[in-house]
Amino acid sequence: MSTDHELITAAMAGDRAAMDSLLRAHHDRVYVVCRRITGNDADAADATQEALIAIVRGLGRFDGRSSFSTWVYRVATNASLDELRRRKRRPTLVIDDDLAGHESADHQGAARIDGLGDRMAIDEALRMLPEDFRVPLVLRDVCDLDYADIAATLDIPIGTVKSRIARGRGALAQILRAGNQIDPDDRPTTAP
């Protein structure tokens, strides 16, 4: 199995198989970041696709000052934030619960798996957080980036990163304690 460095070198030299291997090696992590930042599967899939395209197009600009995975997280974060901006411009369709039908038996069975309910509650609580808190929190707690890498990724001071993560964790705990029943008008502010 090749290392990222070997795959990057080969991919930059035009080796399509190396590029494919590099993208496959990082796809799941990119999707996880996109899913947690965008808050749903459809937007995460779009953001993941855009991130992978950006990785291919921008690989020549990867300078090695940070680890490749940190650079990939930065690309995934930017693609997710772009997707959130696009989402705000798209019209939304409201579906009446009576017309939407019932959950499939497969989904009901999957919902019984231990821990799935907790993950869904966390995903919903993350969705309720303002973007300024959600993104650094995901980069720290899901991607395990250090504060300096998060600051570089988001182009904000380390102190701001620490503050947003602390405030985001506090707001997330409050949302989870309330059972995700917080009125959208009562959500935490995005001020640092």
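## The salt bridge between Arg35 and Asp123

In this predicted model, Arg35 and Asp123 form a salt bridge in which the closest N and O atoms are 3.8 Å apart. The pair links distant parts of the chain, since Arg35 belongs to helix 2 and Asp123 to helix 7 (residues 116-128), with their positions 88 residues apart in sequence. Both partners are buried: Arg35 has a relative accessible area of 17%, and Asp123 has one of 6%.

Asp123 also forms a salt bridge with Arg36, and here the closest N and O atoms are 2.8 Å apart. Because Arg36 lies in helix 2 and Asp123 in helix 7, this pair too ties together parts of the chain, in this case 87 residues apart in sequence.

## Other salt bridges and the shared network

The structure holds nine salt bridges, among them one between the side chains of Arg65 and Asp63, with a distance of 2.6 Å from N to O. The setting of this pair can be given for each partner: Arg65 is exposed, with a relative accessible area of 77%, while Asp63 is partly exposed, at 47%. Elsewhere, salt bridges with shared partners join Arg35, Arg36, Asp41 and Asp123 into one network.

## A buried arginine without a salt bridge

Arg164, a residue of helix 10 (residues 158-177), is buried and yet has no salt bridge. The nearest side chain of opposite charge is that of Asp132, at a distance of 4.3 Å, and because a salt bridge requires a side-chain nitrogen of Lys or Arg within 4 Å of a carboxyl oxygen of Asp or Glu, the pair is not counted as one. When residues up to four places away in sequence are left aside, Arg164 touches Asp132, Phe133, Pro136 and Ile156.

## Helix 3: length, cap and buried side

Helix 3 comprises 18 residues (residues 41-58), which at 1.5 Å a residue should span 26 Å, and the distance of 25 Å between its end C-alpha atoms agrees with that expectation. At the N-terminal end of helix 3, Asn40 acts as a cap, with a side-chain oxygen 3.2 Å from the backbone nitrogen of Ala42.

The buried residues of helix 3 are Asp43, Ala44, Ala47, Thr48, Ala51, Leu52, Ile55 and Gly58. They cover an arc of only 165° around the axis, and therefore lie on the same side of helix 3. Such a pattern can be read against helix geometry: an α-helix has 3.6 residues a turn, so residues three or four places apart point the same way. On the other side of helix 3, Ala42 and Arg57 are exposed, whereas the cover over the buried residues includes helix 2 (16-38) and helix 4 (68-89).

## The chain as a whole

The secondary structure of the protein chain comes to ten helices and zero strands, so that, by the element order from the N terminus on, the chain reads α-α-α-α-α-α-α-α-α-α.

Of the 192 residues of the protein chain, 36% count as buried; Arg164, Arg35 and Asp123 are among the buried residues. Among contacts between residues at least 6 apart in sequence, 65% join residues at least 24 apart. The salt bridge of Arg35 with Asp123, whose partners are 88 residues apart, is one link between distant parts of the chain.

Note on methods
Residues are numbered from 1 along each chain as its sequence is written. This is a predicted model: local features need pLDDT of at least 70, side-chain atom pairs count only at pLDDT 80 or more; totals for chains, interfaces and linings use all residues. Side-chain values use heavy atoms; hydrogens and water are left out. Helices (H or I, at least four residues) and strands (E, at least two) are DSSP runs, numbered from the N terminus. Buried means under 20% relative accessible area, exposed over 50%, partly exposed in between (1.4 Å probe, protein chains only). Lys and Arg count as positive and Asp and Glu as negative; His and the chain ends are not counted. Contact means heavy atoms within 4.5 Å. The expected span of a helix is 1.5 Å times one less than its number of residues. The arc is that of the directions from the helix axis to the C-beta atoms. A polar contact is a pair of N or O atoms within 3.5 Å; within protein, one must be able to donate a hydrogen and the other to accept it, and residues adjacent in sequence count only if both atoms are side-chain atoms.
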